[in-house]
Amino acid sequence: MDEPSQSMANMWPDLIKKAKDGGLNAIETYVFWNAHEPLRRQYDFSGNNDLIRFIQTVKDEGLYAILRIGPYVCAEWNYGGFPVWLHNMPGIEMRSANNIFMNEMQNFTSLIVDMMKKESLFASQGGPIILAQIENEYGNVISSYGDVGKAYINWCASMAKSLDIGVPWIMCQEDDAPEPMLNTCNGYYCDQFTPNNPNTPKIWTENWTGWFKNWGGLDPKRTAEDVAFAVARFYQNGGSLQNYYMYHGGTNFGRTAGGPYITTTYDYDAPLNEYGSLNQPKYGHLTQLHNILRSMERTLTYGNVTSTDYGNSVFGTVYSIDNTSSCFFGNANVTSDATVNYQGVDYNVPAWSVSILPDCKTEVYNTARVNIQTNLMVKESNQAEDEPASLKWSWRPEINLEQTLVQGKGQVSTGMIVDQKVTNDVSDYLWYMTSLNVDKDDPILTDDMSIRVNATGHILHAYVNGEYLDSQWATYGIFNYVFEKKVKLNPGKNQITLLSATVGLQNYGPKFDVVQSGISGPVEIIGRKGDETIIKDLSLHKWSYKTGLHGLDNKIYNSDSKFSAQWNSDNLPLNKMLTWYKTTFKAPLGEDPVALDMQGLGKGLAWVNGNSIGRYWPSYMAQEDGCSTEACDYRGSYYSSKCDTNCGQPTQRWLVSHNIFS
Ligand code: GAL
């Protein structure tokens, strides 16, 4: 995978420090198998993949760590974190009691565990890791795997246990997690959750602070009041540990975004935004809550609990030990405020809020009363440039299409149409090429001919006889489509060239790993004359394949590429597909995060100083409707589209490129 070298890793200390200042005492991270084992038994723990360095940085800040190894991780990450070579192992069945898969999973999981042990990073060794996770939300899909699913999850548990890490293992969203695995909750609210073993702590692994975004989709927002309400209620109802998903979501650099169709930004409306800046008032409002909860640690941990039902969804909870007690008054009613009388004093508790009284006398916090100022991020032009508006661009065509690919000269050929995953996902791009000989008397040669391609794309560009024909792409959630366009074929040989581009591989769902990508077929030529329709199915023709693009293969985005001199500075083409554009600019002054404005571009991949900063697609507008003009009402259960913004705007206009210059 193309990754920016050190750029993210440079941000870790600052992000972790901000999390600590935000009142957190643990940092949770997934481990991305496809980043660490991009080729079988070839490992990468360098730069951004330096997991040890990450955990050490957490430790250096004096925080705990929670390591969600998975190694299936979902996370809107390409292929849920699975390396695509796994898919191509003969006989493999993923997330299943299949020896080939289990062997690979065990190999990777034990590798990670051994690395951690070697550096003494588990709490049992004096290190920061207090919990580790195996699998991810398997309970959501187990029924689709039948009995094998149960056997698999039992195997996961005993395999994990055998690794003997000295701290508990968790399994999120797994109601029948086998002991000693702890099952944990993911969701917007987990106060009603009880673990399957009542003697184990109530853990919330994912408190969704917002939601992710897809190309064409809107910007989800979740209010600070509602997140705080969910957290306070969780601790009111006996919660032991909750983790924000995400506290900082950041950016899906390179080709790490999955989905398909997840945007490059993974901002998530998290307390630390994509740029690593404070998202106020969410960050500040939650900081106050954390500090107050932590000040009550003793009563919450060791106290006796008494609860009172005041009716109308109003509950009081008192934690007491010795002569100290702490109180929560929660009002889950969506519309009516409440007055709670406790020991002769009236307390006003607004609808959908929790009040906290660390000494049961003085209300120091109410989740609906926000006293942190909202902040707005301002984007300033590059002060280091004299005339930042006038960047000078040069360009080069991706390739001379007529001479090469459209003539069908690929790297391999076979008599069928293949799933794009056979390429091990080394690139978004795969060329599918075939030819068709048509006799001059063939009845298919009519004035009304078309080509029809069944695709799961996600993007398809079609060329016939060296000419560009047309393109089509999917919309989020509907990845199968039929491309059908009029064509004119000639007697004799005709060349069909189809370029398929993926926009992140499936990361979630039952058997998500076998969801097809690329051109699924059939590919047909259709001739119509009067009532007669003749169809030629090209699916079993000889197809020739080529992965990638010339410019990608030759890394022409690097300044030391052998093609670095061959760029044109005149006649900059506009609205032209498969074109490379290049410019230089002075590194912005100061330390502020840097964003690139991609407005005006179509779809592609961008690099800064050779580092891939992700896919861009600013021409893909977010849907027109679904945004409210009124302020978001924090009251009532949240759902991901409740408070959407950004209607009718580019789905993602800016790409983040911080610290890439250092
Ligand atoms: C959860 C999953 C996470 C992430 C989240 C949505 O179900 O465990 O990995 O995908 O949904 O952002």
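This passage describes the annotated domains, the ligand site, the cysteines and one buried histidine of the structure above. The structure is a predicted model, and the values reported below were computed from that model.

Three annotated domains offer a convenient way into the chain. According to UniProt, in an unreviewed entry, the feature "domain: Glycoside hydrolase 35 catalytic" spans residues 8–291. In the model, residues 8–291 are 32% helix and 14% strand, and the C-alpha atoms at the two ends of this span are separated by 28 Å. The unreviewed UniProt entry also lists "domain: Beta-galactosidase beta-sandwich" at residues 317–370. Here the secondary structure comes to 56% strand and 0% helix, with the end C-alpha atoms 22 Å apart. A further annotation in the unreviewed entry, "domain: Beta-galactosidase galactose-binding", covers residues 578–655. Residues 578–655 are 26% strand and 0% helix, and 20 Å lies between their end C-alpha atoms.

Attention turns next to the ligand. A shell of 15 residues surrounds the ligand, and the closest of them are Y30, E76, E137, E206 and Y268. Sorted by class, this shell holds 10 nonpolar, 2 polar and 3 charged residues. Several polar contacts can be followed atom by atom. The backbone takes part through V73, with an N or O atom 3.1 Å from a ligand oxygen. The side chain of E206 places an N or O atom 2.7 Å from an oxygen atom of the ligand, and a polar side-chain atom of Y268 sits 2.5 Å from a ligand oxygen. On its own the ligand has 310 Å² of accessible area, of which the protein covers 95%.

The cysteines deserve a paragraph or two of their own. A disulfide is a covalent bond between the sulfur atoms of two cysteines. The whole structure contains 4 disulfides. With the bonded cysteines of the protein numbered in sequence order, the pairing reads 1-2, 3-4, 5-8, 6-7. Not every cysteine is paired, however: C74 takes part in no disulfide, and the nearest cysteine sulfur, belonging to C172, is 9.0 Å away. C74 has a relative accessible area of 8%, so this residue counts as buried. For C156, the closest cysteine sulfur is also in C172; the separation of 12 Å is too far for a bond. C156 is likewise buried, because its relative accessible area is 0%.

Among the bonded pairs, C185 and C190 are joined with an S to S distance of 2.0 Å. The torsion about their S-S bond is about -75 degrees, so this disulfide is left-handed. Both C185 and C190 are buried.

The disulfide between C627 and C647 has an S to S distance of 2.1 Å. Its S-S torsion is about 100 degrees, and the bond is therefore right-handed. C627 and C647 both sit in the loop between β29 (611–616) and β30 (654–656), 20 residues apart, and the pair links distant parts of the chain. How do the two partners differ in exposure, buried or partly exposed? C627 is partly exposed because its relative accessible area is 28%, whereas C647, at 19%, is buried. The cut-off that separates them is 20%, since buried means under 20% relative accessible area.

The loop between β29 and β30 also carries the disulfide of C632 and C643, whose sulfur atoms are 1.8 Å apart. C632 and C643 are 11 residues apart, and both lie in that loop. Their exposure can be read in the manner already used: C632 has a relative accessibility of 31% and so counts as partly exposed, while C643 has 10% and so counts as buried.

A last local feature involves H290. This histidine belongs to helix α8, which covers residues 282–295. H290 counts as buried because its relative accessibility is 6%. The side chain of H290 reaches the backbone oxygen of G22 at a distance of 2.6 Å.

How values were computed. Residues numbered from 1 in each chain as written. Predicted model: local features only at pLDDT ≥ 70, side-chain atom pairs only at ≥ 80, totals over all residues. Heavy atoms only, no water. UniProt positions renumbered as here; feature names shortened; annotations may be inferred. Helix = DSSP H or I, 4+ residues; strand = E, 2+ residues; numbered from the N terminus. Near = heavy atom within 4 Å. Polar contact = N/O pair within 3.5 Å; in protein donor to acceptor, adjacent residues only side chain to side chain. Areas by Shrake-Rupley, 256 points an atom, 1.4 Å probe, with all protein chains shown as cover. Nonpolar A, V, L, I, M, F, W, Y, C, P; charged D, E, K, R; others polar. Disulfide = S-S within 2.5 Å. Buried < 20%, exposed > 50% of the residue type's maximum accessible area, 1.4 Å probe, protein only.
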